[in-house]
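Please describe the strand arrangement and the charged side-chain pairs of the structure shown here, with the criteria behind each term.

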Amino acid sequence: MIKAFMIRVLNGKWYSAPFFVSLFSIFCWICIFIFPAGKFTWNLFFLLPLLAGFICFLLGVSKLFKKEFKEGIKQCFSTFAITMTAAIFFTVLLPKSPYKKYNGDVKNPDNVKLEQPLQLSFNDEKPLFKVKAQDVILYDYNQPGMYKYEVFLNKIEKGKAYLRIFDLTTDRVLSEAVIKKESQMEVFNPTDELKEFGLSKQFTVDEGDWGNYYGSRVEVWFQPEDTNQPERKLLTKYYVIQGW
């Protein structure tokens with residue numbers, strides 16, 4: 001009975017499917033507000049409205065094959081528009097932050113100074129800060145475990161900079177191949193004046209989980225354009241990070 005009712009709703013008039021997607025998206029948004037923030041919860045209730053929109057869009061396409069052209073076109077267009085609106089809504093107007101508070105309890109075997117990644121807004125707007133020497137700045141981006149970075153360099157020949165990140169406690173390199181590939185950026189500055197390079201593409205630290213904070217050693221490496229020259233480490237900085 002419920003199954004038959006759902007089929008009538010989703011495959012009835014053209015406005016039934018987008019109306020259902022709208023209500024279902026609101027329901028999922030409320031669930032994110034109610035349930036504890038976590039990777040599974042966050043992804044589940046973000047993806048479910050997209051899945052519902054995709055199914056309703058396919059039902060609209062099926063109407064085109066049944067020669068119900070006006071109904072099919074209206075359903076496809078309205079469902080697509082509402083699904084995209086829901087995706088933007090979930091990205092920009094989340095009911096609460098996915099970031100769990102850091103309580104300062106990270107293991108620090110070498111007693112080094114640990115920095116917190118800066119917060120990067122959805123439109124890549126950065127907080128203000130001063131840089132007086134060569135430096136690497138790590139940013140939280142989009143979701144826990146996802147990062148971007150920028151680097152300030154001088155007197156550097158043409159080549160590519162990239163990151164290597166290590167677990168501070170075990171000295172294990174983290175997501176080595178992926179981070180190297182995704183963090184690469186072209187650099188060149190023959191002058192003494194510091195030049196800003198970045199923001200990089202988004203990269204992900206796979207090790208760990210949301211709210212599982214740990215200390216890391218972030219190294220900036222340089223690969224010269226001249227392949228006869230060896231790669232070399234430029235900078236080291238210590239950050240508190242979490243995994244995806």
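The report below treats a sheet first and then its salt bridges.

This is a predicted model, in which local features need pLDDT of at least 70 and side-chain atom pairs count only at pLDDT 80 or more, while totals for chains, interfaces and linings use all residues. Residues are numbered from 1 along each chain as its sequence is written, and side-chain values use heavy atoms, with hydrogens and water left out.

**The sheet**

An open sheet is formed by four strands in the order β5-β4-β8-β9, and their pairing is antiparallel. Because β5 (185-189) and β9 (232-242) stand at the edges with a single partner strand each, one side of each is left without a neighbour in the sheet. On average, neighbouring strands of this sheet are turned by 30° against each other, direction ignored. Strands here are DSSP runs of E with at least two residues, and helices are runs of H or I with at least four residues, both numbered from the N terminus; two strands pair if DSSP finds at least two bridges between them. Strands of a sheet pair through backbone hydrogen bonds, either parallel or antiparallel.

Strand β8 (residues 213-224) is joined to β9 by ten bridges, and the two run antiparallel. Phe222 has Arg232, in β9, as its bridge partner. Helix α5 (residues 176-183) lies across β4 (156-167) and β5, and runs at about 145° to β4. Angles are taken between N-to-C directions, from 0 to 180 degrees, with axes as lines fitted to C-alpha atoms, for helices over the stretch in contact.

**Salt bridges**

Side chains of opposite charge can pair when their charged atoms come close. With a salt bridge defined as a side-chain nitrogen of Lys or Arg within 4 Å of a carboxyl oxygen of Asp or Glu, the count comes to ten. Among them are the following pairs.

| Pair | Closest N to O distance |
|---|---|
| Lys126 and Glu150 | 3.1 Å |
| Glu157 and Arg232 | 3.0 Å |
| Glu219 and Lys233 | 3.6 Å |

Accessibility is classed as buried under 20% relative accessible area, exposed over 50%, and partly exposed in between (1.4 Å probe, protein chains only). In the salt bridge of Lys126 with Glu150, distant parts of the chain are linked, since Lys126 sits in the loop between β1 (118-119) and β2 (135-141) and Glu150 in strand β3 (residues 143-153), 24 residues apart. Lys126 is partly exposed at 31% relative accessibility, whereas Glu150 is buried at 0%.

The salt bridge between Glu157 and Arg232 links strand β4, which holds Glu157, to strand β9, which holds Arg232, with the two positions 75 residues apart in sequence. Glu157 has a relative accessible area of 33% and is therefore partly exposed; Arg232, at 30%, is also partly exposed.

The salt bridge between Glu219 and Lys233 ties together parts 14 residues apart in sequence, because Glu219 lies in strand β8 and Lys233 in strand β9. Glu219 is buried at 4% relative accessibility, while Lys233 is partly exposed at 44%. Through salt bridges that share partners, Asp171, Arg217, Glu219 and Lys233 are joined into one network.

Arg217 belongs to strand β8 and is buried, at 15% relative accessibility. Its side chain is joined to that of Asp171 by a polar contact of 2.7 Å, a polar contact being a pair of N or O atoms within 3.5 Å, where within protein one must be able to donate a hydrogen and the other to accept it, and residues adjacent in sequence count only if both atoms are side-chain atoms. Neighbours within four places in sequence aside, Arg217 is in contact with residues including Arg164, Phe166, Asp171 and Tyr238, contact meaning heavy atoms within 4.5 Å.
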